[in-house]
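Biologist: I have a new complex open and would like to learn how to read its features. Could you walk me through them?

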Amino acid sequence: MSSNQPVVYDDAIVKKFLGATLLWGVVGMLVGVILALQLAWWPANGDIPYITFGRLRPLHTNAVIFAFAGNAVFTAIYWSMQRLLKVRMWSDGLSNFHFWGWQAIIVSAAVTLPLGLTQAKEYAELIWPIDIAIAVVWVAFAINFFGTIHIRKIKHLYVAIWFYMSFVLTVPILHIVNNLSVPATLTRSYPIYTGMTDALVQWWYGHNAVAFFLTTPFLGLMYYFLPKAAERPVYSYRLSIIHFWALVCLYIWAGPHHLLYSALPDWAQTAGMVFSVMLIAPSWGGMLNGLLTLRGAWDRVRQDPILKFYVVGVSFYGMSTFEGPMMSIRAVNGLAHYTNWVVGHVHSGALGWNGMMTFGMIYWLVPRLWGRKMAKESWVGLHFWLATVGIIFYIIAMWAAGVTEGLMLRAIDPDSGLLLYTNFLDVVHTLDPFYWMRFGGGLMFLTGILMMFVNVFLTVRGSGEPFSAPAAAVPAAK
Amino acid sequence: MADENIIMGHAEDNDGIEEYDNSLPDWWLALFFACIIWGGIYAVMYHGYQQTSQEKLYLAEVAAAEEQWGGAAEVDLAAVEITPELIAAGEPIFTQNCVACHAADLTGGVGPNLVDEEWIHGGEYADIVKTVTDGVPAKGMLTWGPILGDEKVRQVSAYVYSKSHQAN
């Protein structure tokens, strides 16, 4: 099936998505640090309604999930699928429509959310006209994606492509079903679901956004970029098949664990909980395939900051996919729910897994896209340590805050049987030191991504040694 | 199971990425099956064998609390004498918990004015005790009974009652 004409890949689109990843990463994390400061010291909201916590928080989550992580995944897809299928994207026009459409959606989110225009559904805050735009842009992307698969030159579909497919197919289903609503005005609408049904649909969407936006496409990213950077064979093809199917089949049921001890019927709560626990092994399958691929390359992990990013990223994936199921167990959830523990958990996923995998990919791609080594090579290692230590500060602070908070809220005076901490503000102020510690960790993480931003900017501007990719041969046997 | 490290031979189809066909690690497979089996057992135990539910568990906890801390004699509110001591004890409770909505001079804000002539839920001492105890959740007033306890509810209600009667 090979043709003699060399394929010219569309790398311009990869460069665009990579730049957008960096830009929105800086914006999203800067907003996160401002919010962390507001929680420790409320006057940081400056008495300006547009940047109060309630309006800025959805901007932070949308920016990090859909702008930073989203653009990172699109960067990975546009680079790797062309090379895995040995074909240029099906339509350059659709690629560019996808890019500019997606950025326009992000900008409109950054305008509407501070104005207080929201659907008040977590991770689905954007108002209905923007929701329709998301669906349109996504369908254009999906047509381009499957069009490229249709015209591929390589019959075999590598495992990364399966993970990308689950992402491209499932995200629009989740998005459309959860956002079905009746528009009332240009900026307001009412969901077609009511009460508990609305909550259940929302968390079916919410949890599978974690699954199919932040997990499966990043596993696809891992399956391509980790063995590339390590120059080692993937540990197990068999494991990749089994854990892929187990993951996509089980994940879709786990949403109700966000609604334990609510008006949701008990059987549905049980389903959410047991499917979450069943997800431990399929998730760890991905971690194992990532870490064991590095067997025989551990000496290089010591030297190469890109591999360090991957090791820490994959380890955080394993850690948070163990922590998540534990938190879905009824008794643990009774303590953890509505506390900062949940905030710590999502950040070990978003900073540890999505962030670190993205950073490793960008440092690997930039020299290959622009033909120059990083302008400040020593900064890459520094970024790694800032990010790693920053995350550790962050999650330790949130674990401590969450458990403290959970225990205080349920503490009972043994003599009277009454609540011990009747004033909620007492609980809040107890958490102050943890909030400051989290602010410090977040600031370190932000400093790291700012260094990367400057580093990439300088490299693209042309101050870096020429780079030529090493021969593509991957050493096979030990 | 030992790693055989057999190469799949797909590398030229995978942009140069080679894959081994190693077996699933035994411990990983055991973990997978153990979690599935545990999930089944849990569901059967919870819903089948124990026939439990969050409602039953809640009622059991309430009954246990009643057993341990309940049993205080019912106080006849109509017979409670509103002494200066009772009123004085109520003042700091009001300052700490109520002023945010009802204001330090009781003229209201988020919550209704307590020193005008109108009473939405009744202005007798027993009415006030009942309103404080149960709260008005629909309007955002907390259910203070389990937070303050009966004694403090009686004290703070006495303070409100006295202020209201001084004003009118």
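Biologist: Let me begin with a pair of helices: which residues in H10(A) meet which residues in H12(A)?

Modeller: First, some ground rules: the model is predicted, so local features need pLDDT of at least 70 and side-chain atom pairs pLDDT 80 or more, while totals for chains, interfaces and linings use all residues. Residues are numbered from 1 along each chain as its sequence is written, and chains are lettered from A and ligands numbered from 1 in the order in which they are written. Helices are DSSP runs of H or I with at least four residues, strands are runs of E with at least two, and both are numbered from the N terminus. Two residues are in contact if their C-beta atoms, placed from the backbone, lie within 7 Å. On the H10(A) side you find A:Ile280, A:Ser283, A:Trp284, A:Gly286, A:Met287, A:Gly290 and A:Leu291. They meet A:Tyr310, A:Val314, A:Tyr317, A:Gly318, A:Thr321, A:Phe322 and A:Pro325 in H12(A).

Biologist: Why do the residues on one helix come at such intervals?

Modeller: An α-helix has 3.6 residues a turn, so residues three or four places apart point the same way.

Biologist: At what angle do H10(A) and H12(A) pack?

Modeller: Axes are lines fitted to C-alpha atoms, for helices over the stretch in contact, and angles run from 0 to 180 degrees between N-to-C directions. Angles under 35 degrees count as roughly parallel, over 145 as roughly antiparallel, 65 to 115 as roughly perpendicular and the rest as oblique. Here the angle is about 170° and the axes are 9 Å apart, so H10(A) and H12(A) are roughly antiparallel.

Biologist: Which residues of H10(A) meet H1(B)?

Modeller: They are A:Ile280, A:Ala281, A:Trp284, A:Gly285 and A:Leu288, and they meet B:Trp28, B:Leu31, B:Phe32 and B:Cys35 in H1(B). The two axes come within 8 Å and cross at roughly 160°, so this pair too is roughly antiparallel.

Biologist: How many residues of each chain are in contact across the interface?

Modeller: There are 38 residues of chain B in contact with 38 of chain A. On the chain B side, H1(B) (26-49), H2(B) (54-69) and H6(B) (145-148) each supply at least two residues. H1(B) gives the most, with eleven residues.

Biologist: How does the radius of gyration of each chain compare with that of a compact globule?

Modeller: The radius is taken over C-alpha atoms, and the globule rule is 2.2 Å times the number of residues to the power 0.38. For the 478 residues of chain A the rule gives near 23 Å, and the chain has 22 Å, which agrees. For the 168 residues of chain B it gives near 15 Å, but the chain has 31 Å. The C-alpha trace of chain B spans about 95 × 45 × 25 Å along its principal axes.

Biologist: What share of each chain is buried?

Modeller: A residue is buried if 20 or more other C-beta atoms, placed from the backbone, lie within 10 Å of its own, exposed if 12 or fewer, and partly exposed in between. In chain A 50% count as buried, and in chain B 19%.

Biologist: What covers the buried residues of H8(A)?

Modeller: The cover includes H5(A), H6(A), H7(A), H9(A) and H10(A). Among the buried residues of H8(A) are A:Leu239, A:His243, A:Phe244 and A:Leu247.

Biologist: And which secondary structure elements make up each chain?

Modeller: Chain A has 17 helices and two strands, and chain B has seven helices and zero strands.
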